[in-house]
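Colleague: I would be grateful for a close look at a single part of this model. Please begin there and then place that part in the setting of the whole chain.

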Amino acid sequence: MLHTGRARKTRLLCQVLYGILVALLVITTFFPAPDPALSLPLVLTVKLVPLLLFIPLVARGDNRGLIWLSFVLIFYFMQFVVSAWLTQGALAPSLNALVTLLLFVSAMVHLKINRPE
């Protein structure tokens, strides 16, 4: 339930950033060329299932769902920052870390704006 008009904008921002993060996870699975020894369906499952569980909650802008999404995002953010550090600031992990950070911050702003009075 949205409590203010500004909450619609922050919910939309969360939805857009969520979609970008999922798309980046899929893209970075295939580019650069994946290791042929790895099972791509397994890699995609491990990368995406924790995030895809939140699709209905992000679509609704559910406060509790966004709180739980924020907890999950912390793990993704840590992995992306470590990857960016180890690759000396490569574009893909740095971009993933940035999008994850922006999604986390936009979820927190949405929670602040959309709290019940």
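Is T87 buried, partly exposed or exposed, and why does it count as such?

Modeller: The model is a predicted one, and the description that follows should be read in that light. T87 is partly exposed, because its relative accessible area is 40%, and a residue counts as partly exposed when its value lies between the 20% limit for buried and the 50% limit for exposed. T87 is located in the loop between α4 and α5. Along the chain, T87 and D35 are 52 residues apart, and 17 Å separates their C-alpha atoms.

The loop between α4 and α5 also holds Q88. With a relative accessible area of 75%, Q88 passes the 50% limit and is therefore exposed. The backbone of Q88 has a further feature: its phi angle is near 55°, a positive value in a residue that is not glycine.

To set this loop in context, the chain as a whole may be considered. The protein chain has five helices and zero strands, and its pattern along the sequence reads α-α-α-α-α. Taken along the principal axes, the box filled by the C-alpha atoms is roughly 55 × 30 × 20 Å. The protein chain has 117 residues, and 32% of them count as buried.

On one side of the loop is helix α4, which spans residues 63-86. I67 is found in helix α4, and it counts as partly exposed because its relative accessibility is 36%. Although I67 and L111 are 44 residues apart along the chain, their C-alpha atoms are separated by 8.1 Å.

On the other side is helix α5, made of residues 91-113, in which L91 has its place. L91 counts as exposed because its relative accessibility of 68% is over the 50% limit. L91 also contributes to a nonpolar surface patch of about 590 Å², together with L95, L98, L101, L102, V105 and V109. I113 lies in helix α5 as well. In contrast to L91, which is exposed, I113 counts as buried, because its relative accessibility of 16% is under the 20% limit. The C-alpha atoms of I113 and L91 are 32 Å apart in space, and the two residues are 22 apart in sequence.

The helices that flank the loop also take part in the largest pocket. This pocket contains about 490 Å³ of space. Its lining comprises 21 residues, and those nearest its centre are T28, K47, Q79, F80 and S83. At least two lining residues come from each of α1 (5-30), α2 (40-52), α4 and α5. Of these helices, α2 gives the largest share, with five residues. Sorted by class, the lining consists of 14 nonpolar, six polar and one charged residues.

In summary, T87 is a partly exposed residue in the loop between α4 and α5, and the exposed Q88 lies in that loop as well. Of the flanking helices, α5 holds both the exposed L91 and the buried I113, while both α4 and α5 supply residues to the lining of the largest pocket.

Notes. Residues are numbered from 1 along each chain as its sequence is written. This is a predicted model: local features need pLDDT of at least 70, side-chain atom pairs count only at pLDDT 80 or more; totals for chains, interfaces and linings use all residues. Side-chain values use heavy atoms; hydrogens and water are left out. Patches are made of residues with over 30% relative accessible area and no salt bridge: like charges are joined within 9 Å, nonpolar side chains (Val, Leu, Ile, Met, Phe, Trp, Tyr) within 5 Å. Accessible areas come from the Shrake-Rupley method with a 1.4 Å probe; for residues, only the protein chains shown count as cover. A salt bridge is a side-chain nitrogen of Lys or Arg within 4 Å of a carboxyl oxygen of Asp or Glu. Helices (H or I, at least four residues) and strands (E, at least two) are DSSP runs, numbered from the N terminus. Buried means under 20% relative accessible area, exposed over 50%, partly exposed in between (1.4 Å probe, protein chains only). On a 1 Å grid over the protein atoms alone, a cavity is a set of points where a 1.4 Å probe fits but cannot get out, and a pocket is an open set with protein on both sides within 12 Å along at least five of seven lines; lining residues have an atom within 4 Å of a point. Grid points are joined across faces, edges and corners, and a volume is the space filled by probe spheres set on the points. Ala, Val, Leu, Ile, Met, Phe, Trp, Tyr, Cys and Pro count as nonpolar, Asp, Glu, Lys and Arg as charged, and the others, Gly among them, as polar.
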